[in-house]
Amino acid sequence: MSANDVSRFADAAQIVLNTIRRPVIMIGPDDHITYANADAEDFFRVSAAMLARTTLDRFVPFGSPILALIEQVRERLAPVNEYRVDISSPRLGVEKIVDIYVAPVPELQGSVVVMFQERSMADKIDRQMTHRGAARSVTGLAAMLAHEIKNPLSGIRGAAQILETVVSDDDRALTRLITEETDRIVALVDRMEVFSDERPIDRHPVNIHVVLDRVKAIARNGFASKINILEEYDPSLPPVFANRDQLIQVFLNLVKNAAEAIGTRTNGEITLSTAFRPGMRVSVPGSQDRVSLPLEFCVHDNGPGVSEDILPILFDPFITTKPNGSGLGLALVAKIVGEHGGVIECESTPRGATFRVLMPAWADTSLPRGETDEGGRE
């Protein structure tokens, strides 16, 4: 192989490694970092040139398992995977949990390649799988309730109406209470029946900004009339491949929750934002394909945030902090987002909560960005 061929090969390898959205480094026999791709520079917060002057043990805690893994790979000449390795340090940051892949480089004796995957991305997938499983459990429960509860409730309501015509005025208030509470239970069961709808979603390319504008208009003329609603939109965002009405339902629920979290406090603000992010890849329900989720839609409020006790189970059915809440709203949101092949998560601080939805973009590139077809053409 000529020198020019070697140079072209090295340039191509550099391009490929920089394209990989994971930190990748190569460690030489003397434990110095001999190569780092672009993501590794961001991960270690140091340029590749600076990394080449130091060793990995300067970045990870003393006695870190990763150092033992590297030695193990050198001795056995076989790749190793290790999950949930804590490499937290003052230089890398706190709560730095990663999955690690270490492999030998046969052509360079004593050298190994290390690839990191931050658990934050893997945990998003794990959480979304949990949300989908929880939604499926409610599906069975909803079908049972619809059959076993609604019929007896109809009889109770009918009996209460008959009693109302023959009882005294003092007792009539009790019969009306029975009727009203029966209607409330039926309404709750009707809401749960939404979970048992397993029909394929009718999806089209949808302009998310048209959806958010509709949600904002409903909110401003109703439950969020005294709250300032801000926009931080990426105008060049491509269409999202989704069902327009279900997206309105998702974001109307999130905005309503944000407004209720703010309550009557002054200077209440809800921020709707859209952005194009390099997304992770997840499986679409009912398909073997894996899709990228580059579209990020956020609903942020400046309320008190979500309790740390509730946060891990926030999207589970019947979880609510509202005195009269059913705990089905966010479970339904998670179900809809999951059926679209998307991911929803919540980040909370004492200064407010942010609900982040990651969704797939429409794959057809023949339509200009920001424009949609019958699913919501501008």
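# A walk around the chain, starting at Cys298

Select Cys298 to begin: with 7% relative accessibility, this cysteine counts as buried (buried is under 20% relative accessible area, exposed over 50%, partly exposed in between, with a 1.4 Å probe and protein chains only). What you have open is a predicted model, where local features need pLDDT of at least 70, side-chain atom pairs count only at pLDDT 80 or more, and totals for chains, interfaces and linings use all residues. Residues are numbered from 1 along each chain as its sequence is written, and side-chain values use heavy atoms, with hydrogens and water left out.

Now pick Cys346, which is buried too, at 14% relative accessibility. Don't look for disulfides here: a search of the whole structure turns up 0 (a disulfide is a pair of cysteine sulfur atoms within 2.5 Å).

**Zoom out**

Colour by secondary structure and you get 10 helices and 14 strands; these are DSSP runs, numbered from the N terminus, with helices being H or I of at least four residues and strands E of at least two. Of the 378 residues in the chain, 40% are buried. Switch on the surface and the chain exposes about 20700 Å², with carbon and sulfur atoms supplying 54% of that (areas by the Shrake-Rupley method with a 1.4 Å probe; for residues, only the protein chains shown count as cover). Among contacts with a separation of 6 or more, 64% join residues 24 or more positions apart, a contact being heavy atoms within 4.5 Å.

**Helix α8**

Next, select residues 208–220, which make up helix α8. Its 13 residues reach 18 Å from the first C-alpha to the last, close to the 18 Å expected at 1.5 Å a residue (the expected span is 1.5 Å times one less than the number of residues). Show side chains for Ile208, His209, Val211, Leu212, Val215, Lys216 and Ala219, which are buried. Look down the axis of α8: the buried residues fall within an arc of 155°, so they line one face of the helix (the arc is that of the directions from the helix axis to the C-beta atoms). What do the buried residues of α8 pack against? Their partners are β6 (204–206), β7 (228–232), β8 (240–242), α9, β9 and β12 (295–301).

Click on Asn207 at the N-terminal end of α8. Asn207 caps that end, with a side-chain oxygen 2.9 Å from the backbone nitrogen of His209.

Then centre on Lys216. Is Lys216 buried or exposed? It is buried, because its relative accessible area is 11%. Leaving out residues up to four places away in sequence, Lys216 touches Ile229 and Glu231.

**Two loop stops with positive phi**

Most residues other than glycine have a negative phi. Jump to Leu77, which is not a glycine yet has a positive phi of about 55°. Leu77 sits in the loop between α4 (65–76) and β3 (80–86) and is exposed, at 62% relative accessible area.

Asn267 is the next stop, with a positive phi near 60°. Find Asn267 in the loop between α9 (244–262) and β9 (269–276); at 67% relative accessibility, Asn267 counts as exposed.

**Last stop: Gly110**

Finish in the loop between β4 (97–104) and β5 (112–118), where you'll find Gly110. Gly110 is partly exposed, at 28% relative accessibility. Draw a distance from its C-alpha to that of Ile27: these atoms are separated by 8.4 Å, although the residues are 83 apart along the chain. Which residues does Gly110 touch, not counting those up to four places away in sequence? Select Ile27, Gly28, Pro29 and Arg74 to see them.

How values were computed: Polar contact = N/O pair within 3.5 Å; in protein donor to acceptor, adjacent residues only side chain to side chain.
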